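Please look over the structure shown below before reading on. The paragraphs that follow lead from its cores to its charged pairs and then to one of its helices.

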Amino acid sequence: MQFTELGLQADILRAVSEQGYTTPTPIQQKAIPAVMTGRDLMASAQTGTGKTAGFTLPILHRLASGSHSHLARVTKKPRVLVLVPTRELAIQVEESVRTYGKHLPIASLAVFGGVGINPQIANLRRGVDIVVATPGRLLDHIQQRTVDLSAIEIFVLDEADRMLDMGFIRDIRKVIALLPKQRQNLMFSATFSPDIRELASGLLHNPVSVDVAARNTAAETVTQRVIETNREQKKDLLCHLFATRGWHQVLVFARTKHGADALSKTLEKSGIKSAAIHGNKSQGARTRALTDFKEGKLVALVATDIAARGIDIDSLPYVINYELPNVPEDYVHRIGRTGRAGMEGEAISLVSHDERPFLKDIEKLIKRTLEREVIEGFEPSATAAPRPVQPPRGPRKPQPQGKAPNRNSPQKPGGPQQHRSGQRHR
Ligand code: AMP
């Protein structure tokens, strides 16, 4: 199938072909016609499937097909609201709107916190057709009456599962309550928990369901493997892998902000150009790191799960899990950063003994046993017991050498805290 067969406006098709895209991805083939007819949509799709264009293109088509007197430059009221979990995603979705809408008289704006509110207010005042927002900042605008949602015709909830994970459910409900009853609703989610289903059943009316990647399965183009090692060897192992495998553009996941910073510094010290992005970094620093990474000025970008959400790089070849996430769905999100739009990708997880329970949970979720690998010189402690990094407080019997570390043994500062397992999100 070709994009030209979908019935999209010529100005939109021109922008699509300027991007070099000729064939719609499976989700685009299904979602675009449904959204063009005005139906509600429930799509089970991960990032990397082309879902953003899947909703952006038909939305632009609908706006452009209406009378120009409805445009926000005349009415001063937005007509489309896209809610997303993070500022990175807000920026990227709005960029897509701009890209595909560049030949149309349609204005868009990304609305997110951590930056001055006044430029956003000025833009909203001038009239913006499509607002792509994170919930917090949108509610600030609502409170200050600097945005008027009374003319919203289409509402999109993107990455709904992540929004709930991040605790946005009340904010989402507040926003929905302000929207006109008569509207089109589109919802995207990579995973389907009972909470997501409940939200969908309240939001969507007789939706078209699109299920592209089977639920919770990792993109098929991603090669996934596990390298078993010891926790205290991971840094050296990672540097070794960079040195021996000629990697470039590697997204490395760490579990904590502190861990991400420390790892980035270690990589820099061993000559690997690197930066860390996480919630404590300013918006400017994050955007700069992301740009440098995309342009190839950085070899590695070390990120926490939340900061990496929405990172959209066309051909990201490698994702490294320096530490496994303790929520198995996060693994699926992480590896969804590579192998996008049919390109090959490799996801490598460095797994120490204490992370094996997480690995088991992940394998259960993705219904697949991951290939194990051991690198010479970095073998896990089945053959060489790790030294405890921190001596335990108080009297303690010495550990016999050669024994696998106890899951409850003291952890290195900044390392994963087993007892926290499962506390996040749930
Ligand atoms: P998304 O799932 O929306 O994050 O998109 C994943 C990536 O695929 C983005 O970098 C898009 O630019 C790219 N993309 C979207 N649609 C197509 C298409 N039809 N053909 C090739 N690449 C696409």
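A nonpolar core is here a set of buried Ala, Val, Leu, Ile, Met, Phe, Trp, Tyr and Cys residues joined through side-chain atoms within 4.5 Å, where buried means under 20% relative accessible area, exposed over 50% and partly exposed in between, with a 1.4 Å probe and protein chains only. This is a predicted model, in which local features need pLDDT of at least 70 and side-chain atom pairs count only at pLDDT 80 or more, while totals for chains, interfaces and linings use all residues. Residues are numbered from 1 along each chain as its sequence is written, and side-chain values use heavy atoms, with hydrogens and water left out.

The secondary structure of the chain comprises 16 helices and 14 strands, these being DSSP runs (helices H or I of at least four residues, strands E of at least two) numbered from the N terminus. Of its 426 residues, 54% count as buried, and its accessible surface, by the Shrake-Rupley method with a 1.4 Å probe and, for residues, only the protein chains shown as cover, comes to about 19,000 Å², of which 50% belongs to carbon and sulfur atoms. If contact is taken as heavy atoms within 4.5 Å, then residues 24 or more positions apart account for 76% of the contacts in the chain with a separation of 6 or more.

The largest nonpolar core has 43 residues, and those that touch the most other members are Leu41, Leu57, Ile59, Val82, Ile130 and Leu186. Helix H3 (residues 51-65) supplies the largest share of this core, with 7 residues. Apart from this core lies another, of 32 residues, among them Leu109, Leu179, Phe192 and Ala200. In soluble globular proteins, nonpolar side chains tend to be buried together. Beyond its neighbours within four places in sequence, leucine 186 is in contact with residues including Val35, Leu41, Phe55, Ile59, Ile154 and Leu204. As for H3, 13 of its 15 residues are buried, so the helix is largely enclosed by the rest of the structure. The expected span of a helix is 1.5 Å times one less than its number of residues; for the 15 residues of H3 this gives 21 Å, which agrees with the 22 Å between its end C-alpha atoms.

Where do the charged side chains pair up? A salt bridge requires a side-chain nitrogen of Lys or Arg within 4 Å of a carboxyl oxygen of Asp or Glu, and a search of the whole structure finds 25 of them. In one, glutamate 18 pairs with lysine 102, the closest N and O atoms being 3.0 Å apart. Because glutamate 18 lies in helix H1 (residues 10-18) and lysine 102 in the loop between helix H5 (87-100) and strand E3 (108-111), the pair ties together parts that are 84 residues apart in sequence. Glutamate 18 is partly exposed at 40% relative accessibility, and lysine 102 is partly exposed at 45%.

A salt bridge within a single helix joins aspartate 140 and arginine 137, with the closest N and O atoms 3.7 Å apart; being 3 residues apart in helix H7, they are separated by about one helical turn. Aspartate 140 counts as partly exposed at 31% relative accessibility, whereas arginine 137 is buried at 11%. Elsewhere, Arg225, Arg245, Glu346, Glu371 and Glu373 are linked in a network of salt bridges.

Which residue is buried yet has no salt bridge? Aspartate 129 fits that description, for the nearest side chain of opposite charge, arginine 79, is 4.5 Å away, with Lys and Arg counted as positive, Asp and Glu as negative, and His and the chain ends not counted. Aspartate 129 sits in the loop between helix H6 (118-126) and strand E4 (130-133), and its contacts, not counting residues up to four places away in sequence, include Leu63, Leu71, Pro78, Arg79 and Ile106. In strand E4 is found valine 131, which is buried at 2% relative accessibility.

The last stop is helix H11 (residues 234-245), whose 12 residues reach 16 Å from first C-alpha to last, close to the 16 Å expected at 1.5 Å a residue. Its buried residues include Leu237, Leu238, Leu241 and Phe242, and among the elements that cover the buried residues of H11 are strand E8 (222-228), helix H12 (257-269) and strand E13 (345-351). After H11 comes glycine 246, whose phi is positive, near 60°.
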